[in-house]
Amino acid sequence: MTGLFQPGPVLAAMLRHKTGPLLVALQVALSLAILCNAMLMISERLSMAARPSGIADEQDVFYVHVSNQKVDGHEAQLAMQKQEEQTMLAVPGVEGVARTNSVPMSQSGWYNSLSQSGEPESATVTAAAFMSPGSLISVWKLKLTEGRDFLPEDVMEADSKAMTSLPGVGVVTRALAKRLYPNDSSYVGKYFYNGRGSGADRIRIVGVVDHIQSPNANAGPDDGLGFILPIRATQDTYSGYTVRARAGQADRVMRDVTAALRKASVSPLKIDMRSVSEIRADRYRNDYGMSWMLIAVCGLLFLVTATGIIGMCSLWVSQRTRQIGIRRALGARRVDILAYFLTENLMITTGGIVLGVLLAMGLNQLLIREFEMAALPAHYLLLTPLVFWLLGLVSAAAPSWRAACVAPATATRTV
């Protein structure tokens, strides 16, 4: 052994003892295939959890759910709702209040079937319905890309038990506008229908906002399909409000709003509050949990693979101590011994990586077919092998150096 890189003798030695190298190569292949797809799943879930809701500065916005123990008639409830809004607006640090039936990512909301023409046979699209007599555009700081917000005269005040129609105007998200009118670029003044047939409500688009995430926050092509209608409805046993606090004051404002509502009410109230940040965390709790579990699995795979390589190299060094000593006595340098074992490890790791890339692509196709997972990006199949090459070299470094440090006199003693 006089050269630094001699793959021929290394390969010949491995072919005489195939079981160990094959097991390590198979371990590398399986780890790479699982790791590639696990990292893609982690990336997809974290990307989905980080999608914008449409609400600016989510940490400053919260949802107030007020359950009223005493339910009166339509006029009394209208007065009660307006009083609650004024009570919250009077709290120092409150920048805006709007009654709403739902908020993005809350996992509780209304969905309506909409169509472009209202004809009985026309195609429909399901969209999230947000209903508010106030300005969700202002409170949520939605990006208005076309048209205007609602005017006071647009608001419909109705008894929900007797309501037979919807307001004649609405604000839609850009995603919904494009779905309804795929060939147009301007949507204000156009109409859409709630339902189909003679009973469908005709609604004119007066504004378009960039994005509102639906209550379910589903991924895919239906993400962001939503619309807002200017309605103040009564005959509910609860009231839902969305409140914006001044930057950095949300925690204090939430406590003060609770105290103000209880003080202003003549009947007992049950009040629940959640910030939009908490709502987001609840919605994506499973996604975060799955991501951390997959990260732990990836870490264990790395550990098991590294342990396998270290164990294999250590075993081979102990089995070849006498051979190493003889070669050292014949003139092999420490660097030659080191290069031999590293070359051996590199060849085994490379074989495992080639098989692992093929397995990763096959597993990815199975996941695409069964779970609609995305295809593996090319850079995953380029970067992951580099990681395993480095892992192999680092794991084999210590046993290889120990072999290089074997003294000829010690190694050639009778065993």
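**Packing of helices α8 and α11 in a predicted model**

The mean pLDDT of the chain is 88, and 93% of its residues reach 70 or more. The structure is a predicted model. This briefing treats the contact between helix α8, residues 285–319, and helix α11, residues 378–404, followed by Ser395 in α11 and the N-terminal residues 1–5, where pLDDT stays under 50.

**Geometry of the helix pair**

- The axes of α8 and α11 lie 9 Å apart and form an angle of about 30 degrees.
- Angles under 35 degrees count as roughly parallel, and α8 and α11 are therefore roughly parallel to each other.
- The crossing of the two helices, α8 and α11, is right-handed.

**Residues in the contact**

- Helix α8 contributes Phe302, Thr305, Ala306, Ile309, Ile310, Cys313, Ser314 and Val317.
- From α11, these residues are met by Val387, Phe388, Leu391, Gly392, Ser395, Ala396, Pro399, Arg402 and Ala403.
- By class, the residues of the contact of α8 with α11 comprise 12 nonpolar, 4 polar and 1 charged.

**Ser395**

- Ser395 belongs to helix α11 and has a relative accessible area of 5%.
- Because buried means under 20% relative accessible area, Ser395 is buried.
- Apart from neighbours within four places in sequence, Ser395 contacts Ala306, Ile309 and Ile310; these three residues are among those of α8 that meet α11.

**Confidence at residues 1–5**

- Over residues 1–5, pLDDT stays under 50, and the model has 15 contacts beyond four places in sequence for this stretch.
- Where pLDDT is low, the predicted coordinates should not be read in detail.

Methods
Residues numbered from 1 in each chain as written. Predicted model: local features only at pLDDT ≥ 70, side-chain atom pairs only at ≥ 80, totals over all residues. Heavy atoms only, no water. Axes fitted to C-alpha atoms, helices over the stretch in contact; angles between N-to-C directions. Helix = DSSP H or I, 4+ residues; strand = E, 2+ residues; numbered from the N terminus. Parallel < 35°, antiparallel > 145°, perpendicular 65-115°, else oblique. Left-handed = near helix turned anticlockwise from the far one by under 90°. Contact = heavy atoms within 4.5 Å. Nonpolar A, V, L, I, M, F, W, Y, C, P; charged D, E, K, R; others polar. pLDDT = per-residue confidence, 0-100. Buried < 20%, exposed > 50% of the residue type's maximum accessible area, 1.4 Å probe, protein only.
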